[in-house]
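Colleague: Could you take a close look at a single part of this model and walk me through what surrounds it, step by step? I would like the burial and the side-chain pairings treated together.

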Amino acid sequence: MSLIVPRRCLRPARTLSQLPIRTQNRRSLASDAYSTPSPSSPSASSSTSTPTYPPEATTSTPSLTPEHRALVDRIIRVDQAGELGANWIYRGQKWAMEIKGDKKTAAQIEDMWENERHHLKTLSQLQIQHKARPTLLYPLWQVMAFGLGASTGLMGKEAAMACTEAVETVIGEHYDDQLKALEPLVSSTSPGSLPPHPSLPLMTDIIREFRDDELGHLDIAVEEGAQKAPGHSLLSAIIGYGCKAAIKVCERV
């Protein structure tokens, strides 16, 4: 059985040129709150507008109940570890494609990898800001992720794309679950309730942004032949279950 996210859950498929690559500044991004150029910067006028957040959104952490603090800590830890893994998967895939002489696919992977590098940088900033404990298994995830990317890349383009499809399916669903879990922290609909600390809506917007990026990668993987990979269903199932297990481990370790 395929692990594809139902198409109704996805945005229209996008080409690589439509991806929100960091060097292209094509759209307004919540994550740019951590790197917005000053008005006097030469690049400020060429970038798209960035949503406005107060300074404390990127410099302080809210006072939360132990339960909610544990939720924020867990979300940041898992997402940072996940983006680390994605970076090393793409690193391994690009290495394999260069070994095989497939320059076109190597360039496609580099474009998606650029996205993931920005994701990891942003989540590392969130980790420092909110004093979240990072996973203790960084070295293990690096080795395993590079091995996964390299091995599927050496199997061929379709297998590499099937790996991306399976990973991004799980990550997209996981980001959706996190957005639901954060909803009580950013909602202020009850009478007399105070507005949430601005860092929480910002973190929610960033997760939503990254979810959309990952689903864009999923669309590209499908368009580039993921489902034509030999043993696609079995490969997708193994990778998908592995990703879910890694998420559970990172929530605790």
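Modeller: I would start from R211, which counts as buried because its relative accessibility of 17% falls under the 20% cut-off; bear in mind throughout that this is a predicted model. The side chain of R211 meets that of D176 in a salt bridge, with 2.8 Å from N to O. This pair links distant parts of the chain, since D176 lies in helix α5 and R211 in helix α6, 35 residues apart. The partner D176 is partly exposed, with a relative accessible area of 29%, whereas R211 is buried.

Helix α6, which covers residues 199–223, also holds E214, and H217 is found in helix α6 as well. E214 is buried at 1% relative accessibility, and H217 is likewise buried, with a relative accessible area of 0%. Leaving aside neighbours within four places in sequence, E214 is in contact with E83, E116, H119, E168, I171 and Y175. For H217, a polar contact of 3.0 Å joins its side chain to that of N115.

Two of those contacts of E214, namely E116 and E168, matter for reading the annotation, because an unreviewed UniProt entry places the feature "binding site" at E116, E168, E214 and H217. These positions span 102 residues in sequence, yet no two of their C-alpha atoms are more than 11.5 Å apart, so they gather at one spot. Of these residues, E168 is included in the lining of the largest cavity.

A second link involving the α5 helix can be set beside the D176–R211 pair: the side chains of K157 and E224 meet in a salt bridge at 2.7 Å, N to O. K157 lies in helix α5 (residues 157–186) and E224 in the loop between α6 and α7 (232–252), so this pair ties together parts that are 67 residues apart in sequence. E224 counts as partly exposed, at 21% relative accessibility.

To place these pairs in context, a search of the whole structure finds nine salt bridges. One of the others is formed by R117 with E110, the closest N and O atoms being 2.5 Å apart, and R117 is partly exposed at 28% relative accessibility. That pair belongs to a network of salt bridges in which K94, E110, E114 and R117 are linked.

Conventions: Residues are numbered from 1 along each chain as its sequence is written. This is a predicted model: local features need pLDDT of at least 70, side-chain atom pairs count only at pLDDT 80 or more; totals for chains, interfaces and linings use all residues. Side-chain values use heavy atoms; hydrogens and water are left out. UniProt positions are given in the numbering used here, feature names are shortened, and annotations may be inferred rather than shown by experiment. On a 1 Å grid over the protein atoms alone, a cavity is a set of points where a 1.4 Å probe fits but cannot get out, and a pocket is an open set with protein on both sides within 12 Å along at least five of seven lines; lining residues have an atom within 4 Å of a point. Helices (H or I, at least four residues) and strands (E, at least two) are DSSP runs, numbered from the N terminus. Buried means under 20% relative accessible area, exposed over 50%, partly exposed in between (1.4 Å probe, protein chains only). Contact means heavy atoms within 4.5 Å. A polar contact is a pair of N or O atoms within 3.5 Å; within protein, one must be able to donate a hydrogen and the other to accept it, and residues adjacent in sequence count only if both atoms are side-chain atoms. A salt bridge is a side-chain nitrogen of Lys or Arg within 4 Å of a carboxyl oxygen of Asp or Glu.
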